[in-house]
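Subject: Handing over a structure, with notes

Dear colleague,

I am passing on the structure we spoke about, and I would be glad if you could look it over with the notes beneath it at hand.

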Amino acid sequence: MADLLTDAEFDTFRKVIYDQSGITFSATNRSILDGRLKENLREKQIATVGEYYKLIMSDEKEMKQMLDSVTTNLTRFFRNQPHFDALVNYVIPHIIEQKRKTGDQRINIWSAGCSTGEEPYTLAMILCDTLPSPYRFNIMASDISLKSLMVGQQGFYPDSRVTGIPPKYLARFFKKVEKGYQATPELMSHIKFDYHNLRNDSGVRNFDIVFCRNVLIYFDEPAQKAVIDRFYNAMAPHSYLFIGHSESLFGMDTKFEFLKTEWACLYQKNEG
């Protein structure tokens, strides 16, 4: 088993991780990186950090697995309820008002950094319940963690993970199975889970709503701005961005407008 990362090895790996994903590791969270790399070496039976570095640099699949292993995936259903209150009471009515002008009846949503899927499933439950006919919606749920995406795609959650779901939603959108709950086909049909590295352009456009919560905190300021600019370019002329309650675009040179609603603060894109 390799020793703890040397200063040089720490600098090497944090540069690779930053270049590949925009995620920043500082001296304060060095132990997290160290522990997760050590686990990777143990699983792959690799003796030294140097050997592991050569492996990830020569194999794209191994690079993705390494990035997966160093990301933190903390989430839960209906996390930060005021955001969803603002979605239902302010954002959806305003989007529908705009859609009426064009005749477009589809609402496009991106859950970026969706982790194991609790956020996009929460969005899908809310919209199935509240979106008026004839409007429809679809959700693109993306993450850099392939393991997390697999959980979301399966739609199965242990009993302990569904505690935040209101009883009426749990009864309507999930089926009780052994040791947990399985999302219904109806709910799952609204969500497409896909691997995406926020360092890159998704290539998808015209999102009416983007949720990217508690992701920017892992990026430094230049990487944050690059991600925010890519979101702006991917969004429809009149659209809305939700970021984490501890995150802010203040001081950042961005085209988004700050929006304070009765329920929560968010950002909007207003063009034309």
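The notes below go from the overall build to one strand and its neighbours, and then to a cavity.

Please keep in mind throughout that this is a predicted model. The protein chain holds ten helices and ten strands. Its radius of gyration is 20 Å, close to the 19 Å that the globule rule gives for 272 residues, so the chain is as compact as a globular protein of that length. Taken along the principal axes, the C-alpha atoms fill a box of roughly 60 × 50 × 30 Å, and 48% of the 272 residues count as buried.

A good place to start reading is strand E8, which covers residues 235-243 and is mostly covered, with seven of its nine residues buried. Strand E7, made of residues 207-212, pairs with E8 in the parallel sense over five bridges, and within this pairing Phe211 stands opposite Phe242 of E8. Between these two strands the chain passes through helix H10, residues 221-234, and the resulting β-α-β crossover is right-handed. E8 also pairs with strand E10, residues 265-270, but here the sense is antiparallel and there are four bridges; in this pairing His238 has Asn270 in E10 as its bridge partner.

Helix H10 comes up again when one turns to the cavity. The structure holds one cavity of 30 Å³ or more, and the volume of the largest cavity is about 50 Å³. Which residues line the largest cavity? They are Trp110, His196, Leu198, Asn200, Asp201, Ser202, Val227, Arg230, Phe231 and Ala234. By character, this lining divides into five nonpolar, three polar and two charged residues, and the largest share of it, four residues, comes from H10.

One of the lining residues, Ala234, may be worth selecting in the viewer. Ala234 is found in helix H10, and with a relative accessible area of 1% it falls under the 20% cut-off, so Ala234 counts as buried. Asp201, which also lines the largest cavity, lies 33 residues from Ala234 along the chain, while the C-alpha atoms of the two are separated by 8.4 Å.

To put the pieces side by side, H10 is the helix through which the chain crosses from E7 to E8, and H10 also gives four residues to the lining of the largest cavity.

With best wishes

Conventions. Residues numbered from 1 in each chain as written. Predicted model: local features only at pLDDT ≥ 70, side-chain atom pairs only at ≥ 80, totals over all residues. Heavy atoms only, no water. Buried < 20%, exposed > 50% of the residue type's maximum accessible area, 1.4 Å probe, protein only. Pairing = 2+ DSSP bridges. Right-handed = clockwise from strand over helix to strand, strands pointing away. 1 Å grid on protein atoms, 1.4 Å probe; cavity = no way out; pocket = protein on both sides within 12 Å on 5 of 7 lines; lining within 4 Å. Points joined across faces, edges and corners; volume = space filled by probe spheres on them. Nonpolar A, V, L, I, M, F, W, Y, C, P; charged D, E, K, R; others polar. Rg over C-alpha atoms; globule rule 2.2 N^0.38 Å.
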